[in-house]
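Student: Got a minute to walk me through this one? I'd like to get a feel for the fold before I go back to the bench.
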Amino acid sequence: MARPAQLASDLQQPAPHAAGGGFTPSLQAVRWDAMDRSDTIQAWDALARNAAEPNPFLESWYLLPALQALDPAGKVRILRFEIGGDLAGLLPVLDRKSVV
C-alpha cells in the first residue's frame with residue numbers, strides 16, 4: 001500500500017490530460033482543525049451530497065465534533081484531495097508515530 005507522502009509525490013507530477021485542461025490534482029495532509037472553516041465545510045458538504053456511496057462518519061457534521069472531543073491535541077490529519085482547486089476527496093489519517 002502506498003504511503004501518503006508517496007501519493008502526494010505522485011500527484012505533483014502533471015497528469016497527461018492536465019496540459020490542456022488545467023485540472024491539476026493535489027493531495028495535502030492538513031490538521032483537522034484547518035478543515036473547520038465555513039468555506040471548507042461548504043465544499044465538504046457538497047462533496048458528501050454528491051458521493052457515490054454516502055458515509056455519515058466522514059461528513060463534516062459528524063467528523064468535526066468527534067475530532068474536537070477525541071483529538072483536542074490535533075494529531076489527526078485530513079488527507080485533502082483537490083482537482084483544479086475543488087475538493088474532490090478527504091480521509092482522516094493518524095501517523096503511527098503519533099499514537100505512542
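Tutor: Sure, let's go from the overall layout to single residues; keep in mind that this is a predicted model.

Student: Okay, how many helices and strands are there in the protein chain?

Tutor: The protein chain has five helices and three strands. Going along the sequence, they come in the pattern α-α-β-α-α-β-β-α.

Student: And what share of the residues is buried?

Tutor: Of the 100 residues in the protein chain, 26% count as buried. The accessible surface is about 7000 Å², and 58% of that belongs to carbon and sulfur atoms.

Student: What about contacts between residues at least 24 apart in sequence?

Tutor: If you take contacts between residues at least 6 apart in sequence, 53% of them join residues at least 24 apart.

Student: Let's do the sheet. In what order do the strands sit?

Tutor: The order is β1-β2-β3, in an open sheet with antiparallel pairing. β1, residues 25-31, and β3, residues 86-93, are the edge strands, and each of them pairs on one side only. On average, neighbouring strands are turned by 20° against each other, ignoring direction.

Student: Remind me, what holds strands together in general?

Tutor: Strands of a sheet pair through backbone hydrogen bonds, and they can run parallel or antiparallel.

Student: So over how many bridges do β2 and β3 pair?

Tutor: Seven bridges, with β2 covering residues 77-83. As for specific partners, L79 has L91 in β3 as its bridge partner, and R80 stands opposite L90 of β3.

Student: What's in the turn of that hairpin?

Tutor: There are two residues between the strands, and G84 takes a positive phi near 60° there.

Student: Which helix packs on the sheet?

Tutor: Helix α3, residues 38-49, packs on it and touches β2 and β3. The direction of α3 makes about 90° with that of β3.

Student: Back to L90 then. Buried or exposed?

Tutor: L90, in strand β3, counts as buried because its relative accessibility is 14%, and the cut-off for buried is under 20%.

Student: Which residues is L90 in contact with?

Tutor: Leaving out neighbours within four places in sequence, L90 is in contact with M35, W44, L47, L58, I78 and L79. Take L47 as an example: L47 and L90 are 43 residues apart along the chain, yet their C-alpha atoms are separated by 9.3 Å.

Student: And R80, the residue opposite L90? Is an arginine like that buried or exposed?

Tutor: R80 lies in strand β2 and counts as buried, because its relative accessibility is 16%.

Student: What does R80 touch, then?

Tutor: Not counting residues up to four places away in sequence, R80 touches S26, L27, Q28, M35, T40, L87 and G89. R80 also forms a salt bridge with E82, where the closest N and O atoms are 2.6 Å apart.

Student: Is E82 buried or exposed?

Tutor: E82 is buried, since its relative accessible area is 14%.

Student: Generally speaking, when can charged side chains pair up?

Tutor: Side chains of opposite charge can pair when their charged atoms come close.

Student: How many salt bridges does the structure hold?

Tutor: Three. Besides E82 with R80, there is R31 with D33, at 2.9 Å from N to O, and D39 with R37, whose closest N and O atoms are 2.7 Å apart.

Student: How exposed are R31 and D33?

Tutor: R31 counts as partly exposed at 36% relative accessibility. D33 is partly exposed too, with a relative accessible area of 34%.

Student: And the R37 and D39 pair?

Tutor: R37 counts as partly exposed at 45% relative accessibility, and D39 is partly exposed with a relative accessible area of 42%.

Student: Changing topic: which residues make the nonpolar surface patch?

Tutor: F57, W61 and Y62 make it, and the patch comes to about 370 Å².

Student: Where is W61 found?

Tutor: W61 is found in helix α4, residues 60-70. With a relative accessible area of 54%, W61 is exposed, because the cut-off for exposed is over 50%.

Student: Great, that gives me plenty to look at in the viewer.

Notes:
Residues numbered from 1 in each chain as written. Predicted model: local features only at pLDDT ≥ 70, side-chain atom pairs only at ≥ 80, totals over all residues. Heavy atoms only, no water. Pairing = 2+ DSSP bridges. Helix = DSSP H or I, 4+ residues; strand = E, 2+ residues; numbered from the N terminus. Axes fitted to C-alpha atoms, helices over the stretch in contact; angles between N-to-C directions. Contact = heavy atoms within 4.5 Å. Patch = residues over 30% accessible without salt bridge, like charges linked within 9 Å, V, L, I, M, F, W, Y side chains within 5 Å. Areas by Shrake-Rupley, 256 points an atom, 1.4 Å probe, with all protein chains shown as cover. Salt bridge = Lys/Arg side-chain N within 4 Å of Asp/Glu carboxyl O. Buried < 20%, exposed > 50% of the residue type's maximum accessible area, 1.4 Å probe, protein only.
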